[in-house]
Amino acid sequence: MTNKKKNPYKSQKAVIQEIKRETQGIKTFVLKPEEEFSFHCGQFAELMVPEIGEAPFAMSSPCYRPKLLEFTIQNVGFMTSRLHKMKEGDVLGLRGPYGNGFPLDDYNGKEILLLVGGVGFPPARALLYSLIKEKSKYPRISMCYGARSPEDIVYKYQIDDLKKEIDFHITVDKAESNWKGHVGVVTTLLDKIKINLKNTLAVVIGPPIMMKFGTLKLLEVGFRPRDIYLSMERKMYCGIGQCRHCLIDHYFICKDGPVFKYEMLKNLPDIWE
Ligand SMILES: Cc1cc2nc3c(=O)[nH]c(=O)nc-3n(C[C@H](O)[C@H](O)[C@H](O)COP(=O)(O)OP(=O)(O)OC[C@H]3O[C@@H](n4cnc5c(N)ncnc54)[C@H](O)[C@@H]3O)c2cc1C
């Protein structure tokens with residue numbers, strides 16, 4: 001009998017089936033994995049560009065569709081710039097899924113408020129698909145989404161449909177005069193919407209600065225730390241708790257997160273870095 005351990009770094013092949021340009025620097029990659037890739041919304045995978053390297057990205061597609069995955073990726077550096085040059089038909093490496101994902105059992109019966117900034121929309125989209133699929137479990141689903149400018153809004157082609165399903169609010173930090181919507185950082189939307197504090201859970205996803213001020217605003221509005229969920233990001237390599245790059249104090253984002261209750265992190269130093 002062999003006692004070979006499965007190599008945790010081994011990836012499977014995934015063919016790029018379609019590439020959608022979302023904004024100037026963001027593309028959505030539709031991938032067909034060799035084998036079904038079952039995951040829970042809020043989890044992430046490591047994508048590998050052959051001979052270049054790997055990086056973690058959240059699945060942005062529905063978790064009930066394991067044969068066709070979507071990743072929405074901002075071109076920010078070495079790996080992502082190579083990824084953005086790839087074409088339909090090219091092959092990537094894919095390993096995972098990793099992390100805990102959103103605890104949907106805790107959300108049952110609650111009103112859910114998503115506070116989302118910029119490229120935080122991909123994991124929020126996977127969560128929305130799951131919430132909307134079982135809409136009767138959640139008395140209200142609201143989302144406040146902020147982008148830097150109208151040109152930076154992702155999933156523009158889906159927003160009208162989302163507005164039919166949930167209470168969806170959008171804002172941009174700055175805009176030309178042809179933008180008819182709200183202008184201001186995403187937290188300003190919280191002053192406009194009705195929140196039933198007694199029965200609402202908030203989920204915050206976005207860049208660190210937005211996560212920080214979003215959380216502070218939710219506390220100011222009256223949310224308790226245990227009712228605020230954060231999907232955290234850090235520079236990360238292995239995805240499996242080996243390289244220690246993603247540690248926040250004693251928590252590994254890759255294994256203990258990326259989703260944490262603010263209650264767990266609130267007394268730790270430097271959580272918004
Ligand atoms: C759990 C998780 C889920 C993620 N999901 C997505 C996603 O859905 N879409 C997406 O576009 N990105 C996502 N990211 C971020 C993504 O992993 C990084 O943008 C990517 O690793 C950058 O690789 P690079 O080689 O192109 O950049 P590099 O050349 O390594 O770095 C370029 C710049 O980006 C900074 N950077 C790199 N990684 C991060 C990070 N994790 N957080 C903040 N700054 C970083 C570097 O410090 C540097 O300033 C996620 C990260 C994590 C940890």
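The questions below concern a few residues of this predicted model.

User: Why is E51 called exposed?

Analyst: Exposed means over 50% relative accessible area. E51 has a relative accessible area of 84%, so E51 is exposed. This residue lies in the loop between β3 (44-49) and β4 (53-58).

User: What is the phi of E51 near?

Analyst: Phi of E51 is near 65°, a positive value in a residue other than glycine.

User: Which label fits D249, and why?

Analyst: Partly exposed covers what falls between under 20% and over 50%. D249 has 46% relative accessibility, and therefore counts as partly exposed. The loop between β13 (247-248) and β14 holds D249. D249 is not a glycine, yet its phi is positive, about 50°.

User: Why does D152 count as partly exposed?

Analyst: The buried label needs under 20% and the exposed label over 50%. D152 is at 31% relative accessibility, so D152 counts as partly exposed. D152 is placed in the loop between β8 (141-147) and α4 (159-165).

User: What makes D152 eligible for a surface patch?

Analyst: A patch residue needs over 30% relative accessible area and no salt bridge. D152, at 31%, passes the area cut-off. D152 gathers with E151, D173 and E176 in a patch of negative charge on the surface.

User: What kind of peptide bond joins G96 and P97, and where is P97?

Analyst: The bond between G96 and P97 is cis, with omega about 0°. P97 sits in strand β6 (residues 91-98).

User: What is omega for the cis peptide bond that joins G257 and P258?

Analyst: Omega is about 10° for the cis bond between G257 and P258. P258 is found in the loop between β14 (251-252) and β15 (259-261).

Notes:
Residues are numbered from 1 along each chain as its sequence is written. This is a predicted model: local features need pLDDT of at least 70, side-chain atom pairs count only at pLDDT 80 or more; totals for chains, interfaces and linings use all residues. Side-chain values use heavy atoms; hydrogens and water are left out. Patches are made of residues with over 30% relative accessible area and no salt bridge: like charges are joined within 9 Å, nonpolar side chains (Val, Leu, Ile, Met, Phe, Trp, Tyr) within 5 Å. Accessible areas come from the Shrake-Rupley method with a 1.4 Å probe; for residues, only the protein chains shown count as cover. A salt bridge is a side-chain nitrogen of Lys or Arg within 4 Å of a carboxyl oxygen of Asp or Glu. Lys and Arg count as positive and Asp and Glu as negative; His and the chain ends are not counted. The place of a charge is taken as NZ of Lys, CZ of Arg, CG of Asp or CD of Glu. Helices (H or I, at least four residues) and strands (E, at least two) are DSSP runs, numbered from the N terminus. Buried means under 20% relative accessible area, exposed over 50%, partly exposed in between (1.4 Å probe, protein chains only).
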